[in-house]
Every structure is written in structure tokens, then in C-alpha cells.
Amino acid sequence: MSLVKVKGTYDVLSSEARRWQALETYVKAVFKKFNYQEIRTPIMEYSNVFHREDENSDMVTKETYNFEDKGGRMLTLRPEGTAGIIRSYIENKLYATNDLVKLWYMGPNFRYERPQKGRFRQFSQFGVEVVGAMDPYLDAEVIQLAYEIIKGLSLKGVSVKINSLGDKASKQNYMKVLKAFLEPKKDQLSPDSQARLDKNPLRILDSKDPVDKELLKDAPLPLDHLSDEAKLNFEKIQEALALAGVEYKIDKRLVRGLDYYSFVVFEIQADIEGFGSQNALGGGGRYNELVESLGGPSKPGVGFAFGMERLLDALELEGIKMVDEPKLDAYFITFDETSKKEAMKLQSLLRKENISVDLNYSGKAFKGQLKEALAQNAKFLLILGENELNMGKINVKNTKTEFQELIDIKDLVINLKEMLHHV
Ligand code: AMP
């Protein structure tokens, strides 16, 4: 039997891992600029953090990995970041010390979805949650942050779409109107949409099914059912977005997968050739009831999440390279036990000076070792044999210019540092 990875998962091999690291470093720097602090919560939570009466999305009801632990507790692997972070916000009483918390996170999530391009069962998200204030300028800042992430990466075929679902009352009123509109057409709707009609009718609005799309052409839209307060809120967000220099489009049919959103919702979409149908790079919105529904005080929140895999795909398709070929500063080639011992010693001296260095362990002849060194993109070869050792010297060869010089072993660190300066 050959062993294979779990369906819907993937390995990140070294060359890919460098791209992941570069993107992670970049994103963290943007969070810092916006004054967000990191939070790390567990990958598993008690199931009731996600499985709540007020949450009927497919993601939670159908796609979670649930299991009982040996103590008979029901646990769920997190399918998304928000609920766990809010659980932590409440449990640690973060509201007691700060009126407003601005948090960022990064890490894996799990959903039992049908794997396809851009959709996995284990995938990685980074995102933010801002809890404690209801302010259109704050919503705009959160959208601006998502926009800056994309802009700073120079992605071109990407746009920000926004919409408003209104406050709780407008949303509920709208859902009634939408249901009344869809009810007579129920039999013609796709099976998925039929199933959603009762509990999650909003999601029907962004159905990708062509028949649904046709039926929904004249459907009532959330923006036309906003209360005055919600309307004003949406206008102010747009005003603030303009002040912040964020380009966006209003998408009147935009809704989000989770039930807890109200007021503004937004998505960062890719329109890049070859990207595939899963074109949402990230999305988010306001959730004003979630903290309370998880047993906390009444605190409004807003946030978003991006998928790392899709973002990396978009970067690749647009030919945006985040990393250079990795290079090693130096590589030791030795020929016997004595020279290997000396190399071992020198190696740690060099590493202390932040010089990256490796040593050949293959026991191969010179040619084989040289091949290895070049495959590692070493800038310098440090060749140490019996002859060199007897003279107290070492051969240092620049792999690019092929210039080679014999230097005193005791001067290696200082000389190599100098040479590295000039390459
Ligand atoms: P959501 O949490 O569903 O709002 O998704 C936010 C972002 O996470 C999406 O725009 C995707 O980039 C990413 N994402 C969600 N589900 C998956 C998945 N199954 N596989 C890969 N990326 C995903």
C-alpha cells in the first residue's frame, strides 16, 4: 500500500514554502502599519462555538470536521477564524481593558468541501477582526486594509466589491420579501437553492446556477430594503472609502456565506484568466450580534479573511514573483576526515557571523561535491584538502567569476565577509 495525502490537502514543498513565507512576511508588515495585533487561537474548539442555533450556513451545518474526544467532548476543527477569536475575546474579557481591539490572525482551517481548483479541505487564511465599535470609518479602514494588501502586491485583475445587508431589521424584512418572491418559483430553483429557501435565503442571491440566475433577474435586492439608518451608514462608508483612496464597486447581489453578517459586506474578487470559478480571494463584513450570540457582551465587530492558496495562485498567474532564487553564501568541499573536522569548526564560526553555509556529507569525489554546491546556488566554494590544511590555508572560489584564491584559515571569516560584500 502506498501512502497518500488526505483528499483535499496538499504538501508545501520547499520552493513553494519560500513563496508562502514571503507572502506571510508581507501581510504581517501591512497589519503592523494599520496597528493590528496578532491573536492565535486553537485549531479545535468545542463544537458549540461554531454550531449555534443562529448559524445555518452550509459551512457550519454540513462541512465541519466534528469528533468526540476520549473524554466524550464534542470538538470541531475550526472552519473559519472569527468564531474562535470571538470565543477568546469573551473568555479573556478583552473588552474589559480595551474599548476597541484590532486583531489579526493567520492559520489553517478545515472544511469538508468538494475539492477543486482553489478549494481544499485544509486551507489557510489570514484575516482581521475588529471588535468594540460601530463606526463607518472603521468599516472603511477594514476594507482599506484588504485593498492595501492587494495593491501592495501589484495584483491587477483584482477588485473590491461592497454591498450592504442593512441592520438586523432591514435584513429580516428583506429576507421575507425575497422569500415571498422566490416561493412561487420554488419548484424551478436548483436543489441547493430550494434547500436554502427556508433557513438561508440570502445565499440564493449569489447562486452560480444558470437557471437560478435567470429566475433571480428581477429579484428584490437588499440595498432597496435598507432602513434610513443603514442607508446612511452605507453612504458614510463609501465616503470614507473615497477619502482613503480605495477603489471599489457596489455589487448589489453580494452576500456572504455566514449568517452572522449585517450592514456592510465585501469581497475581493479576482478576474484573472485561468483563475477558475472560485474567484473570491477574500471577503468579510460587519457582525454586530455575534459576540452576544456567543455569550459575550453586546459588542459590534467587523472583519475579513483571505485565502492564502488563492492569493498565491493569483500572484503566480499574474507573474508576480515574491522571492528570488535562494542562495547559499558558502559551501565546504572536503576530502578526508581531518579536513571535514576543520570544516565543521569553521562552519560554526561562519554561521555565528550570519553567513549561510553548508558542508558536503556525501563522501563523493570532488566533482560530485561540486555539483551539489552548484545545485545549492552557493556563492563561494570553500575547498579544504590535505595540501591546504598543511599550509594552514583554504581555497576560496567565487562560483560566478571562477576566481579562486588561497587564504589563511585564520582569516577566513573576515575575508569571506568582505568577499560576500562585493557579490
Ligand atoms: P470565507 O471564510 O468562506 O468567507 O472565505 C474567505 C476566503 O477564504 C475565500 O475568499 C477563499 O480565499 C478562502 N477559502 C474559503 N474556503 C476555502 C477552501 N475550501 N479552500 C481554499 N480557500 C478557501
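**Close-up 1. Helix α9 of the predicted model, with its exposed face and its buried side.** The face of α9 turned away from the buried side carries Asp228, Glu229, Ala242 and Leu243, which are exposed. This is a predicted model. Buried in α9 are Ala230, Asn233, Phe234, Ile237, Gln238, Ala240 and Leu241. These buried residues lie on the same side of α9, because they cover an arc of only 165° around the axis. The elements covering them include α5 (136-152), β7 (158-164) and α6 (168-182). Also included in that cover are β8 (249-250) and β9 (262-270).

**Close-up 2. Length and end of helix α9.** Helix α9 has 16 residues, 228-243. At 1.5 Å a residue it should span 22 Å, and its end C-alpha atoms are 23 Å apart, which agrees. Gly245 comes just after α9. Its phi is positive, about 75°.

**Close-up 3. Helix α3 within its surroundings.** Helix α3 covers residues 82-91. Eight of its ten residues are buried, so the helix is largely enclosed by the rest of the structure. The buried residues are Thr82, Ala83, Gly84, Ile85, Ile86, Ser88, Tyr89 and Ile90. Strands β2, β5 (101-110), β6 (122-131) and β10 (280-287) are among the elements that cover them. Helices α4 (94-97) and α10 (290-293) are also included in this cover. Just after α3 comes Lys93, with a positive phi of about 50°.

**Close-up 4. An open sheet of three strands.** The strand order is β2-β4-β3, and the pairing is antiparallel. At the edges are β2 (44-46) and β3 (65-68), each of which pairs on one side only. Neighbouring strands of this sheet are turned by 35° against each other on average, direction ignored. Strand β4 spans residues 74-77. Four bridges join β4 to β3, and the two run antiparallel. Phe67 stands opposite Leu75 of β4. β2 also appears in the cover of the buried residues of α3.

**Close-up 5. The largest nonpolar core, viewed around Phe306.** This core has 51 residues. Ile149, Leu281 and Phe306 have the most contacts inside it. Helices α1 (14-33), α5, α9 and α11 (308-317) each supply at least two of its residues. So do strands β6, β7, β9 and β11 (301-307). The largest share, nine residues, comes from α5. Leaving out residues up to four places away in sequence, Phe306 touches Ser124, Gln125, Phe126, Ala146, Ile149, Ile150, Ile268, Leu281, Gly282 and Leu311. Another core lies apart from this one. That other core has 39 residues, including Val131, Tyr261, Val265 and Leu290.

**Close-up 6. Leu328 and its contacts from elsewhere in the chain.** Leu328 lies in strand β12, residues 328-334. Its relative accessibility is 14%, so Leu328 counts as buried; the cut-off for buried is under 20%. Neighbours within four places in sequence are left aside here. Leu328 is then in contact with Ser356, Val357 and Asp358, and with Gln376, Asn377, Ala378 and Lys379. Gln376 is 48 residues away from Leu328 along the chain, yet their C-alpha atoms are separated by 6.5 Å.

Key. Residues numbered from 1 in each chain as written. Predicted model: local features only at pLDDT ≥ 70, side-chain atom pairs only at ≥ 80, totals over all residues. Heavy atoms only, no water. Pairing = 2+ DSSP bridges. Axes fitted to C-alpha atoms, helices over the stretch in contact; angles between N-to-C directions. Buried < 20%, exposed > 50% of the residue type's maximum accessible area, 1.4 Å probe, protein only. Contact = heavy atoms within 4.5 Å. Expected span 1.5 Å × (residues − 1). Arc of directions from axis to C-beta. Core = buried A, V, L, I, M, F, W, Y, C linked by side-chain atoms within 4.5 Å.
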